[in-house]
Amino acid sequence: FIDHKIMELINLKTEYLINPLGIDAVHPYLTWNVIGDDIKEQKAFEITYKINNGEERTINKKTSSVYYEFEEELKSRDFVSWKLRVQNEKNVWSNYSEEPYFSIGLLNKSDWSAKWIYGDYSVSKNKRYPVDYFKKVFDIEEVSEKAFLYITALGIYEAYINGVKVGNALLTPGSTDPRKRIQHDTYDVTSLLKEGQNEMVVLLSDGWYRGSIGAKGFTYVFGKNTEILAQLELSNGEKIVTDSSWKWSNDGPITFADLKDGEIVDFNKVPSFKGKVKVGKYDKEISASNNSHVVVISRNEPVKKFKSKTDKVVYEFENNLAGNISLKLKGKSGSMIHFVLGEMLDKNDDVTLENVQCVEKGKKTPLQEIKITLKEGINDYETKFFYGGFKYAGVLENNGVEILEIKQLAISSEMDRVSTFESSNDLVNTFYNNTVRSCRSNFVDIPTDCPTRERMGWTGDSQIIFDTASYLFDCHAFFKKHLKDVFDRQDKNGKLPQIAPYSAEDWYMDVMNGSVGWADVGVLIPYRMYLQYGDINVLKDNYDNMVKYAKFMISRCGGGNGIYALYNVVQPLPLSKENKKYGINSGQSYGEWAEPSDVNSFIWTDFCFPHSEESMAYTSYVLSIMVEISNIIGRTENNSLFEEYRDGVKRAYQELVDNPKFTLDTDRQCKQVRPLYMNLLSEEQTKFAQERLIKSLDNYDWKVGTGFLSTPFILYVLEKIDPDYAYKLLLNEKMPGWLYMAKENTGTIWEGWEGPESQSGIASLNHYSKGAMVEWLYKSMLGIKVKGENEFEISPVIGKGIEYAKGGYQSIYGEVNVSWKKDQDNQKINFDIKIPVNTKATFIYKDKLEILKPGNYNFSVKI
């Protein structure tokens, strides 16, 4: 974060992306930040733009808003360049900004003249096949002013023009449910073309389409034939498209490629392109991804090389992360080397996958293996169509290959890092940094649960991490794409999924769709995106689907038929006649999920029942948010229904928890945390729940006893009782707890509180959900909250055990920084605060309340 001295414009983005190509927003958002000592407030802005290098047009607005929704409706292929200047409170104009740009992709099926093509071979679902190689040779008389490649695939593609890879993206075109839609990518390839003969080669692997996906590695989930669709367009109107004239073969060097299991490569093989292609037909939606691409974000050298007890060579890297490997190898033709990648070592110090592997009909997955057969001399290798989660690379076999270089390539969706954080406690800092790393590892086009076993877009995980992620990264575009995947899976009755996109879940998991805390993603993330980014369109665009889900939640109220509807299999919910209408005793759900085993051990029947307490709590909570959303966008036609069930379910909940079967009087911390956070209790119940929560924590030695859903809430609940309680829980280094995880540092966040020992040893060590606590470090420890357009609240919660904390957050409205430090006598807190240009903040601590305008502040407050 740089301290600029002049009026300057930074972070110019379109749809929250830097210079995106091929988006499908025909009225895109342009956003920016203003910095510098010569400006306190933006009074007006002026945008000058050109469409397709045509006539220059200008827009003037007298406003402090740092966004503009493009008023002119754009169409397929439009290329827009724009620049910006702003006026300060003294009516002085800044210089024009740099000139960012964006383009619109192919919006309509009629825009595609290319044909889907695939290799000319018969596919058996009992076999796996090598990577396909497609080629087209074409002539260009004169290099075009601009040339764009529009391309997508059923599978994962890599495209090359004249031997140079197109773009730097990996795993394209990303993960969707191809039964609903796929995404296309757009590249500016002008610089890759030349006059005369040109060659385009496209490699195609199984990817998510027919490769192994889901926990058990099911294959051929979406179809048998992998296909590509490509359209290269020159500005003179000429097109080179995929059609029956392309050549194909699958005899190239990559003889096996799977997203989970790895790659097998023989560098002695060269694609012959002797085969022909077949023309296919895909008739579902082809959308733009509107998302940042997956890219390599770091290239890491090993920190250690050693031999295991079985005499195998193992390379250790600094951190466990999602990625692949780069190798420089030397050997004779036909010599072979075999690597396995993993998070852990076994008792012999060999790399093991036992903590993440599933076995289905004798088949283990993931394998995370790389097998390479060398050609004579130097062989350079970089993984193309696989990624895994690993800290270690073990050499299983090596017949004479010299490893000249090995690197771990970290991958992630490309997102700007927008924050810093540091405190006086090194373990808190470690946990924070590990959360950053685990989010990076699991933000790979979709928000996955882990980069190894499942790689599923679990919606419970994504909704609880959103606020944390939004402080760490500019992840608006990433989650907007995720929401599209979520609503792609919405049932006709409004039910939303537990996983998005579909990822070959076991048949028996179908009934878990609609589970509260998971399916609520369709309301919770749009709402939180609006609060954090000020994007009202995310509410407007998804509102009708949110209403459908809210009505689905309401439809479960008052039900209770069938064996799974009964909380103890013989009796209905213990509710009065008045409240029975608002009780929820139908549908299956996960409940709190994954509490420490000594608090509430998992049994298989936890899948079977509706979990009435959790279901009723989330129903009232989500409906209260729906009322707020409806008021924000002026769509109040359903509010009377939402308000009735919001209040009715809340009353029924208060009666329910007075019953011994659902009592607040329990050592399960989640049973007090959830209703306190969601404000579901009467005044008397609230007082009891607060006192009982402290007793629950006393009885558990102040360790974290919550599960999946309530862990992000517990510090907020405790700070309202007494800030010192929040700090006491946060700073406890015993297991289970955040700082135990940091102390037993793997560089990541674990799936289970117990780490490698969780769930009988079957648990990922790179699973971001418990990192959702990090939002509290920003919202409470630092006190940084976005309160509205150009407005913050700075209200730190300070307790015992932390001597100082400092951090910065580059919000959509500008960069805010907060630093506080206790003095030596522990009598006062010294604050250093920076409020960004064009904003204001309300500072609240103890008895001090002050409105802060843009600038730097230093003051002290008595403790």
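Modeller: A quick definition before we start: helix axes here are lines fitted to C-alpha atoms over the stretch in contact, and angles run from 0 to 180 degrees between N-to-C directions. Also, keep in mind that this is a predicted model.

Biologist: Okay, so at roughly what angle do the axes of α2 and α15 cross?

Modeller: Take α2 as residues 426–442 and α15 as residues 774–781. Their axes come within 9 Å, and the crossing is at roughly 120°.

Biologist: And what does that make α2 relative to α15?

Modeller: Angles of 65 to 115 degrees count as roughly perpendicular and those over 145 as roughly antiparallel. The crossing is at roughly 120°, so α2 is, relative to α15, oblique.

Biologist: Which residues of α15 make the contact?

Modeller: From α2, the contact uses V428, F431, Y432 and T435. Sorted by type, the residues of the contact are six nonpolar, one polar and no charged. On the α15 side they are V774, L777 and Y778.

Biologist: Let's move to α12. How many of its residues are buried?

Modeller: Helix α12 spans residues 714–721 and is mostly covered. The buried ones are I714, L715, Y716, V717, L718 and E719. Out of eight residues, that's six.

Biologist: Which helices are included in what covers those buried residues of α12?

Modeller: The cover includes α10 (670–677) and α11 (683–699). It also includes α13 (723–730), α14 (738–743) and α15.

Biologist: Now D461. Is it buried or exposed?

Modeller: D461 lies in helix α3, residues 459–472. Leaving aside residues up to four places away in sequence, D461 touches D449, F708, H767, Y768 and S769. Buried means under 20% relative accessible area. D461 has 4% relative accessibility, so it counts as buried.

Biologist: How far apart in space are D461 and S860?

Modeller: In sequence, D461 and S860 are 399 residues apart. In space, C-alpha to C-alpha, the distance is 39 Å.

Biologist: What about the domain annotation: how much of residues 145–303 is strand?

Modeller: UniProt, in an unreviewed entry, places "domain: Bacterial alpha-L-rhamnosidase N-terminal" at residues 145–303. Over that stretch the end C-alpha atoms are 47 Å apart. Helix makes up 3% of the chain there, and strand 47%.

Biologist: Which side chain has a polar contact with that of D177?

Modeller: D177 sits in the loop between β12 (164–165) and β13 (181–188). D177 is buried, with a relative accessible area of 5%. Not counting residues up to four places away in sequence, D177 touches F222, P501 and Y502. The polar contact, at 2.9 Å, is with the side chain of R179.

How values were computed. Residues are numbered from 1 along each chain as its sequence is written. This is a predicted model: local features need pLDDT of at least 70, side-chain atom pairs count only at pLDDT 80 or more; totals for chains, interfaces and linings use all residues. Side-chain values use heavy atoms; hydrogens and water are left out. UniProt positions are given in the numbering used here, feature names are shortened, and annotations may be inferred rather than shown by experiment. Helices (H or I, at least four residues) and strands (E, at least two) are DSSP runs, numbered from the N terminus. Buried means under 20% relative accessible area, exposed over 50%, partly exposed in between (1.4 Å probe, protein chains only). A polar contact is a pair of N or O atoms within 3.5 Å; within protein, one must be able to donate a hydrogen and the other to accept it, and residues adjacent in sequence count only if both atoms are side-chain atoms. Contact means heavy atoms within 4.5 Å. Angles under 35 degrees count as roughly parallel, over 145 as roughly antiparallel, 65 to 115 as roughly perpendicular and the rest as oblique. Ala, Val, Leu, Ile, Met, Phe, Trp, Tyr, Cys and Pro count as nonpolar, Asp, Glu, Lys and Arg as charged, and the others, Gly among them, as polar.
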